[in-house]
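Colleague: Could you walk me through how you read a model like this one? I'd like to pick up the habit, feature by feature.

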Amino acid sequence: MAVHTAYRQILMLGMFFIILISCKDNFKEVQKIGISENEPIGVAENINLKYTDSGKVKAILKSPKMFDYSNRKFAYNEFTDGVNLELFEDGKKSVVVSDYAIIYNKTNIIDLQGNVKITTHSNDTLFAEQLYYDQEKEWLFTNKPVTFRTGSDLINGNGFDSNSKFTNAEVLEITGLITVNE
């Protein structure tokens, strides 16, 4: 009788391990229930994010809504209702506004779309329908139509290339009027 009880306990223990192993294989699938890969993992509303460095405000990001898709293989954050970004450097303010924005986390590229407007602290203004910003290289670029106002010049073109400080801004395929000093 003791052998029969021991055999039964070993059998039950073996069945328990089989169930445990099969559950372990499905545990990740069970965790995914209710979270679709096509849905955001989070939603933030009425964002007012301040970035500081050494106690000084460097940037303020405002947006009505942000969707967090960091649960995807190619993670990103989407601002479907636009962004308003104020940048501060040496007490001077520049402003970036767009109707829509998406930040790709792996590539550090920001894609601004719809009524993009950048106004620098020196009052240079760039208007575009789409503009990319490479955060690592601190570089702005597009191959879409732009209007760039600097000083008394209003330059139209089909592309734009510049560093983030606009010290070497270049409008591509120029179609506007430029003042030339003789």
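Modeller: Let's go from confidence to fold, then to the core and a few single residues.

Colleague: Where do you start, and what is the average pLDDT of the protein chain?

Modeller: With confidence, since this is a predicted model. The protein chain averages a pLDDT of 82, and 77% of the residues score at least 70.

Colleague: Over which residues does pLDDT stay under 50?

Modeller: Residues 3-7 are one such stretch, and the model gives them zero contacts beyond four places in sequence. Residues 13-20 also have a pLDDT below 50, again with zero contacts beyond near neighbours in sequence.

Colleague: Next, the fold. How many strands does the protein chain have?

Modeller: There are 13 strands, plus one helix. Reading along the sequence, you meet the helix and then the strands: α-β-β-β-β-β-β-β-β-β-β-β-β-β. For contacts with a separation of 6 or more, 29% join residues 24 or more positions apart.

Colleague: And what share of the residues counts as buried?

Modeller: 28% of the 182 residues. On the outside, the chain exposes about 12700 Å², with 55% of that supplied by carbon and sulfur atoms.

Colleague: On to the inside. Which residues touch the most other members of the largest nonpolar core?

Modeller: Leu-126 and Phe-160, in a core of 22 residues. Two or more residues each come from strand 2 (56-68), strand 7 (109-119), strand 8 (125-134) and strand 10 (146-150).

Colleague: What is Phe-160 in contact with, leaving aside neighbours within four places in sequence?

Modeller: Quite a list: Leu-126, Leu-131, Leu-140, Phe-141, Thr-142, Val-146, Phe-148, Phe-166, Ala-169, Glu-170, Val-171 and Leu-172. So the two residues that touch the most other core members, Leu-126 and Phe-160, also contact each other, given that a contact is heavy atoms within 4.5 Å.

Colleague: Now the rings. How many aromatic pairs does a search of the whole structure find?

Modeller: Seven. One of them is Tyr-69 with Tyr-76, stacked at 4.7 Å centre to centre with 25° between the planes. Tyr-76 also pairs with Tyr-104, but that pair is tilted, at 6.2 Å and 55°. It links distant parts of the chain: Tyr-76 sits in strand 3 (residues 76-79), Tyr-104 in strand 6 (residues 100-104), 28 residues apart. Together with Phe-74, these three tyrosines, Tyr-69, Tyr-76 and Tyr-104, form one aromatic cluster.

Colleague: Why does Tyr-76 count as buried?

Modeller: Because its relative accessibility is 12%, and the cut-off for buried is under 20%. Tyr-69 is buried too. Tyr-104, at 23%, is partly exposed.

Colleague: Let's try a polar residue. Where is Asn-163 found?

Modeller: In strand 12 (residues 160-163). Asn-163 counts as buried, at 17% relative accessibility. Its side chain makes a polar contact of 2.6 Å with the side chain of Thr-167. Beyond four places in sequence, Asn-163 touches Glu-138, Trp-139, Leu-140 and Asn-168.

Colleague: And a loop residue: is Thr-80 buried or partly exposed?

Modeller: Partly exposed, with a relative accessible area of 31%. Thr-80 lies in the loop between strand 3 and strand 4 (83-89). Not counting residues up to four places away, Thr-80 touches Lys-65, Phe-67, Asp-99 and Tyr-100. The C-alpha atoms of Thr-80 and Ala-101 are 6.7 Å apart, although 21 residues separate them along the chain.

Conventions. Residues numbered from 1 in each chain as written. Predicted model: local features only at pLDDT ≥ 70, side-chain atom pairs only at ≥ 80, totals over all residues. Heavy atoms only, no water. Core = buried A, V, L, I, M, F, W, Y, C linked by side-chain atoms within 4.5 Å. Buried < 20%, exposed > 50% of the residue type's maximum accessible area, 1.4 Å probe, protein only. Helix = DSSP H or I, 4+ residues; strand = E, 2+ residues; numbered from the N terminus. Areas by Shrake-Rupley, 256 points an atom, 1.4 Å probe, with all protein chains shown as cover. Phe/Tyr/Trp six-rings, centres within 6.5 Å; stacked < 30°, edge-to-face > 60°. Polar contact = N/O pair within 3.5 Å; in protein donor to acceptor, adjacent residues only side chain to side chain. pLDDT = per-residue confidence, 0-100.
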